[in-house]
Each structure stands twice: as C-alpha cells, then as structure tokens.
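Please open the structure in a viewer and keep the selection panel at hand. The stops below proceed from the ligand site to a helix residue and then to the aromatic rings.

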Amino acid sequence: MSTTNRYSELPQFPESIWRATTEFPPFERLAEDIQSEVTVVGAGIAGITTAYLLAQAGKDVVVLEAGSILDGTTGHTTAKITSQHGVIYDELLRHFGEEQARQYYEANEGALHFIRNLVKRHGIDCQLKDEDAYVYVQEEKNRKQLEDEFKAYEKLGIPGEWVDRIPLPVMSHGAIRLGGQAQFHPLEYLKFMVHELQRMGVRIYEHTTADKIEEHDDHVRVTVQRGYHNIDSQHVVSTSHFPFYDPAMYFARLHAERSYAIAIKPETTYAGGMYITADTPDRSFRSVLLDGEELVIVGGENHKTGQGICTFGHYERLEAFAGQTLGIRQAPYRWSAQDLITLDKVPYIGQISGGKDRVFVATGFAKWGMTHGTLAGQMLSSQILGQDNPYTDLFTPSRFKASPSIKNFVVQNANVAKELISGKVDIVHTHVDDLGPDEGAIVRHDGRKAGAYRDKEGNLHLVDATCTHMGCEVEWNNGERSWDCPCHGSRFGYDGHVIEGPAKKDLDKLSQ
Ligand SMILES: Cc1cc2nc3c(=O)[nH]c(=O)nc-3n(C[C@H](O)[C@H](O)[C@H](O)COP(=O)(O)OP(=O)(O)OC[C@H]3O[C@@H](n4cnc5c(N)ncnc54)[C@H](O)[C@@H]3O)c2cc1C
Ligand code: FES
C-alpha cells in the first residue's frame, strides 16, 4: 500500500468526468407561447426519464431546463445504481414498518432492472457493469449500527451477506455486501433518452427558467423568466431538484447536502466493487473507464450546503485519503454537487400537494437518484397516465406525519433559524484590499457586509450577501467559486447569478 500523501495536485477548476466526456446537442431558449399535454420542468435524470416514458406512451411533452440539460446534480453524481443506500433499512423498518420498508427495496430494485433492461434492449454504450455494493464501517463504534442494518436485511429478505473484510486496502470492522448491483456512465445512458426524445418530437428548451404556475380548472399555465412566455398543459412535472414551485412548504421539509468526488489514476490495481462507509466522514469508491484505462472515483466529505467552512479542504482530505489507500499517479478530475434530503430520508414523488392533481413533483433523492430518479420517471408517468402504482403511498409528498418527520422538521428549522440569526450578527474584519487573486470572502465594504471575489485578472466582483430566497447570509465556497446559502441550499455564481434554487433571483451586484 502506498503512503503517498500529496496535496494540491488537483485540477484548479472543478469538472466532472461525466460532463467532460459527453456532448449533448444545444437547445434553443423558449421564445413564444406554446401548449403541450405535459410540461416537465428540469432536465436531470428524473425529468429526462419522465419525459421519455410519457413520450413513449404517446403524450405531447415539453421539457424546460434553466441551464443546460443534465448539468445539474445528475451531471455531477458518482452513478452507483443500487438499492443499498448506506444504512437505511433498519431505520425504515422502525419508522415505516415491514411492508413499506420492503417496498422501498423493491421499488429501487425495479429501477435498477429498468436501467439494465433499457441498456440491453437498445445496446446503449454506457459502461453499465454489474458490481457488488458494500457498506462498511471503519470505526468499531459504528459496528453495532451495521449489525442492526444486517438484521433488517434478514427480516426483509434482502439478499445481503455479512463480511468481515472488504477487498479494498482499507480498515473495516465489518461490511454488508449486496450482489447484483451496477454502475454506469450516467450521461452516456441519458444521452440515449435525449436522442429518443428528439426522435419522438419532444420539444426541449434550455436557458428557460420556469418561474410561476397558475392552476386553472382545465389546464395549468407555467410562465418562464425573461420573455414571460407561457406554456399551457394538462399536467406539469417539477423535476427541478428543489421544487421550482412550492405550495406545501418544501423549503422546510428538505435540506441540501454537498459531497465531493475526485477521479484518480491509482498506483495499485483496484479490486472491483462499489463501496460506501457508514462513518463520519463518509467515504465512497467505484471504478470508471477513461479511454480504456481504469480510474477510481473516491468520494465523500458530506456537509450541509453553506456550512462547509473551507470547501477546497474537503477535496484535499479526499486526495490525502485516496493517496493513503490506493496511491495516486494522477488526479485528472474533481467535482462536487449537492442533493436534497427529506425529513424521513424517503423521496417525495407524487402530487405536489394534496388535491393538486395536475402538478407533480419528484425530489429528495438523498444521494441515491440513479434509482430514485428512474423510479420517479416510472411513478410519475404512470400517475399521469392514470395507471395504478404500488408505491404511491410510500413516496407521496403528503405523508408528512411519521414521527421522524416531525422531529427532523424541528431540528432542521432550528438550524435554519440559527443560520439566519448568526449570519446577521457575525462581525466581519476582512476588507476587499485583503483579497488576493482568485480569493473570495464576506468583507466589510462601505460600512456594511458584502460578498467579494477578486478574479485572477484582479477584477473585483461585489454582491449583496443576503440570499434572495428568505434572507439568510450566503457563505463563500472556494472549491467551486460560488456563494452558498446555509439555510435551504441556494447557490449563486461569484457574480451573483443563481446557480441553483430555491432562490430564483440573483444576488444584487454592488458598486465598488
Ligand atoms: C456527489 C454526489 C454523488 C452522488 N452519487 C450517487 C450515486 O452514486 N448513486 C446514486 O444513485 N445517486 C447519487 N447521487 C444522487 C444523484 O446524483 C441525484 O439524486 C440525482 O442526480 C438528482 O437528479 P434530479 O433529476 O432530481 O436533479 P438534477 O440532475 O439536479 O436536475 C434538475 C434540473 O432542473 C433544472 N432546474 C432547476 N430549476 C429550474 C427551473 N425553475 N426551471 C427549469 N429548470 C430548472 C436544473 O438546472 C437541473 O438541470 C449523488 C449525488 C451527489 C451530490
Ligand atoms: S436558500 Fe433559503 S434563505 Fe437562502
């Protein structure tokens, strides 16, 4: 085992291996009022899969994407396709009971089979590969939690196996292996669906941000930002990651967590398999092929968005860990992204709010969106087509009644309240003159707090640091050069433009 521990050899700018190796056709911005049977808002795995299944069933579908398709979290995932979601089944058993805990497993296995069948049927070239999934613990104190998880597997009939050691050169105090899982190149897989959408005449609009919804008796109207064009449809699906329309307090029922990944050329041969720890900090591994050569994606360093302190430090810790475990010859890619977690860790998929049978949502995939996003496509298309779905009750967004939901609602919103207050009272000593090239910080400027970033050419970008969603103070993210909000996870570019919601309005630019 190598003890290499080199810092700062990571790329200067983040880019995911998936985005770097896949090209999509460009699509126009919406420039007129239009109609459709279904409007899908947001082109990640959930939106593209939903649009694909509805178009296949003969529906006239429009897809709206605020940026470029598949450049959100789906473009920055690690793309393990598995029903082993860290440790979850013991908790599901306790809070949802045996029947629904088993349904969770079956629904995710169904999504895995859907992907496998589609790839096989159409010969999609996307590196789909069967792999064993392992959840393991590095710290002995966490072994009990893993043992409880294994008991839940036995009770639910999940075909996992307890193993004391894992094939990787890392310390483990036990692991659960689940065979028959898979990994792939997510964007090469979804590129097939995008081509099919084009072939079936689905209209896709990029750089088109859905803003408002008006619900009428016989249709729903979506209005987009810039140009204020309308799309009138029978049904609207919100697969915009954070719901772009919030009639049911989603902002208080979801929180955003970021994670980091690096793709390395290891010094040692990778033993195969997909791994995740049940410890803190979390760690994850899988392999990927790049030009015929095997690389390893090492991931982890989970934290709440906007609460990560020095975000580049998270990459450096992953790099040090990868160096100690596998050795690093080269680290050509680094990237990070965030995903949304619901109060009870089960996604919200279904009618956006009780009684609104024309508007649907899929969100809160808890870092397991390859299966959950696929499942969302399966469930939402069947609900819109009026077909029964066995998982409707488990995933319905209106379920907000179970005990963990109430407890987590209180904890989460107390955290938001704390951020709201502490961001306002923190005293800032940094001044814009203290910033070197490519540095950003909250500074004191003209007697008030401001967000400042000095780019490599020395130009200063100043923004109002108050989040346009609900008024928390954003934090500088030096790993991605963005302003991140600690309350509900909105993110803004260094110049203040919205990268991801719930905020829809840019940060105000300030003059120097
Ligand atoms: C680091 C990391 C690793 C992960 N690894 C795994 C893994 O190994 N396996 C796994 O199963 N899952 C994994 N996940 C989770 C998975 O990647 C996500 O759950 C999934 O990609 C989310 O897909 P989505 O379609 O909901 O969202 P996205 O892919 O984010 O798509 C939403 C789209 O909506 C657009 N949008 C937003 N607002 C609007 C608007 N108002 N109008 C129009 N468009 C809008 C956005 O621009 C975006 O393109 C990981 C997540 C992270 C962060
Ligand atoms: S995301 Fe809600 S206040 Fe910033």
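**The ligand site**

Begin with ligand 1 in this predicted model, and select G369: a polar backbone atom of this residue lies 3.0 Å from a nitrogen atom of the ligand. Move next to M370, where a polar backbone atom is 2.8 Å from an oxygen atom of ligand 1. Then select G44, which places a backbone N or O atom 3.5 Å from an oxygen atom of ligand 1. On its own, ligand 1 has 1,000 Å² of accessible area, of which the protein covers 92%.

Now display the whole shell of 33 residues around ligand 1; those that come nearest are E65, T74, T78, D339 and M370. By residue class, the shell contains 13 nonpolar, 16 polar and four charged residues. Colour by secondary structure to see where they originate: α2 (45–56), β17 (328–342) and α8 (369–384) each contribute at least two residues to the shell. Which element supplies the largest share of the shell? Strand β17 does, with three residues.

**A glutamate in helix α6**

Leave the ligand and select helix α6, residues 186–199, which includes E188. Is E188 buried or exposed? Its relative accessible area is 18%, under the 20% cut-off, and E188 therefore counts as buried. Show its side chain together with that of T22: a polar contact of 3.4 Å joins the two. Leaving aside residues up to four places away in sequence, E188 touches T21, T22, I124, D125 and C126.

**Aromatic pairs**

For the last stop, display the aromatic side chains; across the whole structure there are 19 aromatic pairs. Select F184 and Y189 first: their ring centres are 5.1 Å apart and their planes meet at 45°, so this pair is classed as tilted. Both F184 and Y189 are buried.

Turn next to Y270 and Y275, an edge-to-face pair with 6.5 Å between the ring centres and 90° between the planes. Y270 is buried, with a relative accessible area of 7%, and Y275 is buried as well, at 0%.

Finally, select Y89, Y104, Y105, Y153 and F395 together, since ring pairs link these residues into a cluster.

Key: Residues are numbered from 1 along each chain as its sequence is written. Chains are lettered from A and ligands numbered from 1 in the order in which they are written. This is a predicted model: local features need pLDDT of at least 70, side-chain atom pairs count only at pLDDT 80 or more; totals for chains, interfaces and linings use all residues. Side-chain values use heavy atoms; hydrogens and water are left out. A residue is near a molecule or strand if one of its heavy atoms lies within 4 Å of it. A polar contact is a pair of N or O atoms within 3.5 Å; within protein, one must be able to donate a hydrogen and the other to accept it, and residues adjacent in sequence count only if both atoms are side-chain atoms. Accessible areas come from the Shrake-Rupley method with a 1.4 Å probe; for residues, only the protein chains shown count as cover. Helices (H or I, at least four residues) and strands (E, at least two) are DSSP runs, numbered from the N terminus. Ala, Val, Leu, Ile, Met, Phe, Trp, Tyr, Cys and Pro count as nonpolar, Asp, Glu, Lys and Arg as charged, and the others, Gly among them, as polar. Buried means under 20% relative accessible area, exposed over 50%, partly exposed in between (1.4 Å probe, protein chains only). Contact means heavy atoms within 4.5 Å. Rings of Phe, Tyr and Trp (its six-membered ring) pair if their centres lie within 6.5 Å; planes under 30 degrees apart count as stacked, over 60 as edge-to-face and the rest as tilted.
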